[in-house]
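Colleague: I'm new to this one, so could you walk me through how the labels are earned?
Modeller: Sure, let's pull it up and take the terms one by one.

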Amino acid sequence: MNRIRTRFAPSPTGYMHIGNLRTALYAYLFAKSQGGDFILRIEDTDRARYVSDAVEFIERTLAAAKIIPDESPAIGGKFAPYIQSERMEIYKHYAEELVANGYAYYEETEQGRAIRQKMPRVGETTFFDVLHGNITIANSELEDQVLLKSDGMPTYNFANVIDDHLMEVSHIIRGTEFITSTPKHVLLYEYFGWELPTFIHLAPVMGKAEDGTISKLSKRHGATSFDDLIQAGYLPEAITNYVALLGWSPKNSCQEIFSMDELIAAFTLDGLSKSPAVFDYAKLDWMSGEYFKAMSDENFADAAQKYLADFDADRKIFLASLLKTRVAKLSDIPPMTAFLKNLPPFDAELFTNKRNKVTPQKSVEILAPAIKILETVDDWTLDTLNKKIAAFVEETGLKIGTVMWPLRIALSMQKVTPGGVTEILYLLGKNESLIRLNDALSKLN
RNA sequence: GGCGCCUUCGUCAAGUGGUUAAGACACCGCCCUCUCACGGCGGGUUCAAGGGUUCGAAUCCCUUAGGCGUCACCA
């Protein structure tokens with residue numbers, strides 16, 4: 001059996017759509033699971049669509065996602081160049097060979113001379129797809145395709161066949177949108193007398209719009225590129241992991257959290273799904289959270305560095321420990337920690353809590369003595385604060401929740417905080433804590 | 001419109017003639033708890049519809065419907 005070789009062949013648009021990333025991932029996983037090669041080839045034959053720096057962007061994105069090509073424009077390889085615009089002579093040669101053999105012809109147009117592929121008028125073309133089985137399309141559906149454009153560039157339909165053959169690609173993994181043009185490619189392989197690769201056409205990734213309608217994932221569904229997701233503060237590993245499961249599932253296992261190595265080990269073609277998958281942010285959030293929870297406090301603090309810059313080393317690590325179990329993406333951090341920096345406006349209503357039997361009135365009775373006790377605390381550590389408050393609770397004979405509630409509100413002016421009262425006291429420091437408590441007390445009075 | 005592909009809980013999905021139709025996310029409830037979260041326990045909802053084939057169908061066949069794709073000198 002020939003060596004397994006797959007390729008990812010994006011056009012350089014400067015945008016890595018999640019669907020494309022998934023295609024690249026599956027091609028990579030399949031190649032690696034078979035001990036084969038994964039190659040990156042840039043299909044830049046449409047000069048109008050070219051975006052500068054896009055090639056570099058694509059390589060950076062794949063690297064961030066840990067999808068490492070064996071051959072690429074940057075790495076090079078046995079079949080270089082890997083950028084189609086640098087292979088024009090090759091396409092010209094093969095196109096002319098087709099003309100010479102009567103499988104294609106020149107066409108004179110206003111734009112210049114182009115070469116078209118001659119399609120059979122009758123009969124049908126059948127090819128095998130791993131996911132879909134045999135697919136047959138009548139040749140009468142096919143029109144004579146342009147092979148070489150008047151500007152000398154090949155079309156996708158031509159270049160991809162030439163390159164896949166020359167680069168010895170064994171398995172073509174791409175989106176379903178190419179199913180109907182595959183017969184044209186198959187005919188080309190036949191004209192040249194080349195061996196057919198194996199086709200695997202992947203179902204698209206869909207998105208759910210605000211109004212509940214489902215359509216192919218696009219910008220109107222919010223962040224839909226790998227880069228958007230990174231910007232939002234998802235970990236690359238989490239994104240890759242989630243995307244892997246959008247259209248593939250492991251055999252004989254319910255595992256969901258996968259490292260790249262585990263994905264490679266578990267990946268099989270028959271785990272691929274042939275129906276479209278809807279991108280679900282809720283599940284991405286969950287999975288992302290699992291990655292954060294699994295991190296050490298130090299690693300999380302590093303990852304969240306730019307959001308925790310205001311805190312000293314000790315508090316940074318401590319905050320990280322509180323945040324990492326509550327965050328789905330790093331950008332969730334600012335709204336959660338804003339109150340530490342700036343206390344939200346005073347709101348007496350917040351002091352009312354039915355479950356803990358707290359009222360603004362009751363709060364005054366708790367805050368006043370609590371402040372007195374905290375003022376005497378010199379060793380402002382979690383441990384000491386905990387002991388002092390526990391002793392105070394005991395003294396008052398109140399339920400712990402009843403005591404904590406007014407303290408939390410006074411310190412944060414919000415019902416929900418990352419961490420308990422002791423944690424907030426520690427994060428705020430003695431000075432700021434007492435300022436906030438006294439302020440609340442006087443406003444309540 | 002022609003042609004092609006697809007159709008199991010709200011979402012991701014397992015399942016390949018005999019299962020109480022897995023599991024996960026989400027949702028709801030309970031427990032834990034100084035809040036939220038975490039964690040623990042439990043719950044509801046699914047084979048698009050209709051015909052066949054079969055002792056027996058989510059699994060095989062046909063029809064219908066819906067969704068998606070494609071009909072470019074774009075990929």
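Modeller: Let's start at the RNA: a base nitrogen of RNA strand B sits 3.1 Å from an N or O atom in the side chain of K283. Keep in mind that this is a predicted model.

Colleague: What makes the pair between K283 and the base nitrogen a polar contact?

Modeller: The cut-off is 3.5 Å between N or O atoms. The K283 pair is at 3.1 Å, so it counts. G419 has one too: its backbone N or O atom lies 2.9 Å from a base oxygen of RNA strand B. With A282, a polar backbone atom is 3.4 Å from a sugar or linking oxygen of the strand, so that pair also makes the cut.

Colleague: Which residues come nearest to RNA strand B?

Modeller: Out of 57 residues around the strand, those are T45, T109, G247, E256 and R326. On the RNA side, sugar and phosphate make up 71% of the atoms that come within 4 Å of the protein.

Colleague: How does the surface near the strand divide into nonpolar, polar and charged?

Modeller: You get 18 nonpolar, 20 polar and 19 charged residues. Elements that each supply at least two residues there include β6 (133-138), α9 (281-294) and α15 (400-412).

Colleague: Now Y156, in helix α4 (residues 156-166). Why is Y156 called partly exposed?

Modeller: Its relative accessible area is 22%. Buried would need under 20% and exposed over 50%, so Y156 falls in between.

Colleague: What does the side chain of Y156 make a polar contact with?

Modeller: The side chain of R174, at 3.0 Å. Leaving aside neighbours within four places in sequence, Y156 is also in contact with R7, E43, T45, F178 and H185, among others. And T45 turned up earlier, as one of the residues that come nearest to RNA strand B.

Colleague: What about the largest nonpolar core: how many residues does it have?

Modeller: It has 105, and L29, I67, L272, F279, F300, L367 and L437 have the most contacts inside it. Helix α16 (residues 421-444) gives the largest share, 11 residues. Apart from that core lies another one of 33 residues, including L98, M119, F127 and Y189.

Colleague: Why would such residues gather like that?

Modeller: In soluble globular proteins, nonpolar side chains tend to be buried together.

Colleague: And which residues is L367 in contact with, leaving aside its neighbours within four places in sequence?

Modeller: F351, P406, L407, A410, L437, A440, L441 and L444.

Terms used:
Residues numbered from 1 in each chain as written. Chains lettered and ligands numbered in written order. Predicted model: local features only at pLDDT ≥ 70, side-chain atom pairs only at ≥ 80, totals over all residues. Heavy atoms only, no water. Helix = DSSP H or I, 4+ residues; strand = E, 2+ residues; numbered from the N terminus. Buried < 20%, exposed > 50% of the residue type's maximum accessible area, 1.4 Å probe, protein only. Contact = heavy atoms within 4.5 Å. Polar contact = N/O pair within 3.5 Å; in protein donor to acceptor, adjacent residues only side chain to side chain. Core = buried A, V, L, I, M, F, W, Y, C linked by side-chain atoms within 4.5 Å. Near = heavy atom within 4 Å. Nonpolar A, V, L, I, M, F, W, Y, C, P; charged D, E, K, R; others polar.
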